[in-house]
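Let's take a friendly walk through a protein model. Keep the picture open while you read, and look up each residue as it comes along.

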Amino acid sequence: MTRESPFRFPVADLLAHAGHRRTVAIDTAVDWALELSRIGPGLTGEMVLESVSGGLVVRGPVITEVGYTCHLCLREWQEDLVVDVIEALGVADDPDVH
């Protein structure tokens, strides 16, 4: 059974009416390892999806914790990370838009 992505939202209703918007919540477990860093264990946020001519604009903050490891002494520490996302997505030719 394939698990549906927690970052995927139906938007057909928004695309039918330019200027409409909806707020969606993200609250999911993540475990993204980088070279000497790790993102997670969770990712939360409240995103606004807004229809515009030819696509969508997605905006809002996402919050997670990042675990770092010093390259010199290998000391580990954690910091909260807040990223303000703003992304324009064109959907005119995208067959995956629901």
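What follows is a short report on some side chains and how they meet.

## Before we start

Keep in mind that this is a predicted model. We'll look at charged pairs, then a core, then a residue on the outside, and finally some rings.

## Charged partners

Side chains of opposite charge can pair when their charged atoms come close. This structure has 4 salt bridges, and we'll visit some of them.

Start with glutamate 4 and arginine 8, whose side chains form a salt bridge at 3.5 Å, N to O. Glutamate 4 counts as exposed, with 51% relative accessibility, because exposed means over 50%. Arginine 8 comes in at 38%, so this residue is partly exposed.

## A little network around Glu50

Now find glutamate 50. Its side chain meets that of arginine 21 in a salt bridge, 3.1 Å from N to O. Glutamate 50 belongs to strand S3 and arginine 21 to strand S1, so this pair links parts that sit 29 residues apart in sequence. Glutamate 50 has a second partner too: arginine 59, with the closest N and O atoms 2.6 Å apart. Put these together, and salt bridges with shared partners connect Arg21, Glu50 and Arg59 in one network.

Are the members of this network buried or exposed? It's a mix. Glutamate 50 is buried, at a relative accessible area of 12%, because anything under 20% counts as buried. Arginine 21 is exposed, at 55%. Arginine 59 falls in between: its 33% makes it partly exposed.

## The nonpolar core

Which residues have the most contacts inside the largest nonpolar core? They are Met47 and Leu49, in a core of 13 residues. Several strands pitch in here: S1 (21–29), S3 (37–52) and S4 (55–69) each provide at least two residues of this core.

Take a closer look at methionine 47. If you skip residues up to four places away in sequence, methionine 47 still touches a whole list of others. Among them are Arg22, Val24 and Ile26, along with Val58, Pro61 and Val85. Arg59, the residue from the salt-bridge network, is also one of the residues that methionine 47 touches.

## Out on strand S5

Next stop: isoleucine 86, which you'll find in strand S5 (residues 76–90). This residue is exposed, with 59% relative accessibility. Leaving out neighbours within four places in sequence, isoleucine 86 contacts Val57, Val58 and Arg59.

You can also check a distance here. Isoleucine 86 and valine 48 are 38 residues apart along the chain, and their C-alpha atoms are separated by 9.5 Å.

## Rings that pair up

A pair of aromatic rings is described by the distance of the centres and the angle of the planes. There are 2 aromatic pairs in this structure. One of them joins phenylalanine 7 and tryptophan 32: the pair is tilted, with 6.3 Å centre to centre and 35° between the planes. Phenylalanine 7 sits in the segment before helix H1 (12–15), while tryptophan 32 is in strand S2 (residues 32–33), so the pair ties together parts 25 residues apart in sequence.

How accessible are these rings' residues? Phenylalanine 7 is partly exposed, at 40% relative accessible area. Tryptophan 32 is partly exposed as well, at 40%.

Note on methods: Residues numbered from 1 in each chain as written. Predicted model: local features only at pLDDT ≥ 70, side-chain atom pairs only at ≥ 80, totals over all residues. Heavy atoms only, no water. Phe/Tyr/Trp six-rings, centres within 6.5 Å; stacked < 30°, edge-to-face > 60°. Helix = DSSP H or I, 4+ residues; strand = E, 2+ residues; numbered from the N terminus. Buried < 20%, exposed > 50% of the residue type's maximum accessible area, 1.4 Å probe, protein only. Core = buried A, V, L, I, M, F, W, Y, C linked by side-chain atoms within 4.5 Å. Contact = heavy atoms within 4.5 Å.
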